[in-house]
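Subject: A structure for you to explore

Hi there,

Here is the structure I promised to hand over. Please open it next to this email and find each residue as you read along.

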Amino acid sequence: MRAIVHTVGCRVNQYESHLLAEKLAEGEAPGEVHVVNTCTVTTLADRKSRQLIARLRRDHPAALIVAVGCGADGAGPGLTRAGADLLVGNRDKERIVDAIRRFLVGGPPGEGKWGDLDGERITGREARVRALLKVQDGCTVGCTFCRTWQVRGPLRSKTPKAARAEAESLARAGHPEIVVVGINLAQYGEDLPSRPTLTDLLTSLLAVPGVRYRLSSVNPDGVTDELIALFAGETRLCPYLHLPLQSGDDAVLERMRRPYTAAEYVARAEAFRRTVPQATLGADAMVGFPGEDEGAFAHTVEVLDSLSPLNVHIFRYSPRPGTAAARFAPQVPAAVAARRAARLASLADGWSRASQERFLGAEVEVAAEEVAGDAVRGRSENYLVVEVRGCAAPRGTIVPARLVARATGHLVGVRADRTQSS
Ligand code: SF4
């Protein structure tokens, strides 16, 4: 089926777009089809999904435009008004070809059943260096600002056996790094009969040789002592953890319904950094949540300052219709939230710089994502952006590098094996 897949949203959506593209490639072509894998996590994401659909409608008036995923479930009428011909929700996403066929003969597009995650499997024949491997879907935490858990359905985990088989395909396709993704990785395995943990899953994945693994965002309650010990003893587990903080204030965390306190967050992050060689950290922080006063914001700054993360993704809270927090008071004025976001962004630059400078002189392994002349650029195992100079290596190669300088936004390295032999 000649279909182009467009993606808005998170890494789980990116994985699913890859899955959609592989499924659509097997089907028969009813003409030009555009599939938009939508997101509804914020009002901005809803708007982006609508704008993309409206642009496709304008540029391709005769095409079939299909809106799939979280937006189709959570904000469908707006997507239809923007120009989508067909909405396919998360339940029927993996049966996209059937949904389009049924629609074309005038039938209902979906079965409305949640599928087994072991049935979601990609082969990995795509251009990106880092492959994504989805192992988990759904979330039962119920954060008061979040729409995602409302549209992602029940907890579903891929069995370690199925995940390992998929990782084998991805490694065979030449990906040197696999990023393990899920909606809430801390809940991995809770729905499976043998209750495997994230540590069990990674142990199983490590049986696949020739590939390194990275965890995408994981809530701090998922960072157990066993998981940290596995990272500490295994160089093929990338020593970088992205731990969503959201707020460093316990009262705000409680109103957000996040499953940890600020002290617990710091304890998990510090244990990881203390125990795992060359570890770095990333964080999400939300400013302007209802009731966040200057004191609460100062607590967020304090927590992040104590950890000096390499990356901080900063979100300005905006009320999402259909969430509990949209009715909370007092809402923080937009100008105050903007000021806090700007302050945090400027502090985050400093933390990032400090985090990078800690590694000057260290040796890292860079997955070459861009090649330009005799330089390659990519991410080290601990997620530093590194440009390795004087080194012509094909994309996808893992290049050992010694970090020698800091440039704007990245580190500069020289090839480590060459340095040693000269
Ligand atoms: S943990 Fe909270 S923010 Fe994350 S998906 Fe679940 S409900 Fe949403």
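Let's start with a pocket: the second largest one has a lining of 18 residues, and those nearest its centre are Glu234, Thr235, Arg236, Leu237 and Glu381. Before you go further, please keep in mind that this is a predicted model.

**The second largest pocket**

The volume of this pocket is about 280 Å³. Which helix gives the largest share of the lining of the second largest pocket? That is helix α9, residues 225-233, which contributes three residues. Sorted by class, the lining of the second largest pocket consists of nine nonpolar, four polar and five charged residues.

Helix α9 is also home to Asp225. Is Asp225 buried or exposed? Its relative accessibility is 51%, and exposed means over 50%, so Asp225 counts as exposed. The side chain of Asp225 makes a polar contact of 3.0 Å with the side chain of Arg268. Along the chain, Asp225 and Arg268 are 43 residues apart, while 8.6 Å separates their C-alpha atoms.

For another pair, look at Glu294 and Tyr265: they are 29 residues apart along the chain, and their C-alpha atoms are separated by 21 Å. Glu294 belongs to helix α12, which covers residues 294-307. With a relative accessible area of 42%, Glu294 is partly exposed.

**Space inside the protein**

Next, the cavities. Rolling a probe the size of a water molecule over the atoms shows where empty space is left. How many cavities of 30 Å³ or more does the structure hold? There are three. The largest cavity contains about 100 Å³ of space. It is lined by 14 residues, and Glu16, Asn90, Lys93, Glu94 and Glu120 are the closest to its centre. Two elements, α1 (11-26) and β5, give two or more residues to this lining. The largest share, three residues, comes from α1. By class, the lining of the largest cavity has nine charged residues, along with three nonpolar and two polar ones.

Stay with Glu120 for a moment, since its side chain has a partner. A polar contact of 3.0 Å links the side chain of Glu120 to that of Lys134. You will find Lys134 in strand β5, which spans residues 130-137. Is Lys134 buried or exposed? Buried means under 20% relative accessible area, and Lys134 is at 0%, so it counts as buried.

Asn382 is also worth a visit. Its place is the loop between β13 (375-380) and β14 (385-389). Its relative accessibility is 0%, so Asn382 counts as buried. The side chains of Asn382 and Ser380 form a polar contact of 2.5 Å.

**Around the ligand**

Which residues surround the ligand? They are Cys139, Val141, Gly142, Cys143, Phe145, Cys146, Trp149, Ile183, Asn219 and Arg258. In this shell, seven residues are nonpolar, two are polar and one is charged.

**Backbone details in the loops**

A few loops have backbone angles that you can check yourself. Where is the cis peptide bond from Ala329? It leads from Ala329 to Pro330, with omega near -5°. Pro330 sits in the loop that runs between β11 (311-316) and α13 (334-357).

Arg195 is not a glycine, yet its phi is positive, at about 45°. Look for Arg195 in the loop between β7 (177-182) and α8 (198-205). With a relative accessible area of 53%, Arg195 is exposed.

Arg257 is not a glycine either, and its phi is positive too, at about 65°. The loop that holds Arg257 lies between α10 (250-256) and α11 (262-275).

**Stepping back to the domains**

Finally, zoom out to the whole chain. The domain assignment lists domain 1 as residues 3-104 and domain 2 as residues 363-421. Between the C-alpha centres of domain 1 and domain 2 there is a distance of 37 Å.

Enjoy looking around, and write back with any questions.

Best wishes

Definitions and conventions:
Residues numbered from 1 in each chain as written. Predicted model: local features only at pLDDT ≥ 70, side-chain atom pairs only at ≥ 80, totals over all residues. Heavy atoms only, no water. Domains from an automatic or database assignment. Near = heavy atom within 4 Å. Nonpolar A, V, L, I, M, F, W, Y, C, P; charged D, E, K, R; others polar. 1 Å grid on protein atoms, 1.4 Å probe; cavity = no way out; pocket = protein on both sides within 12 Å on 5 of 7 lines; lining within 4 Å. Points joined across faces, edges and corners; volume = space filled by probe spheres on them. Helix = DSSP H or I, 4+ residues; strand = E, 2+ residues; numbered from the N terminus. Buried < 20%, exposed > 50% of the residue type's maximum accessible area, 1.4 Å probe, protein only. Polar contact = N/O pair within 3.5 Å; in protein donor to acceptor, adjacent residues only side chain to side chain.
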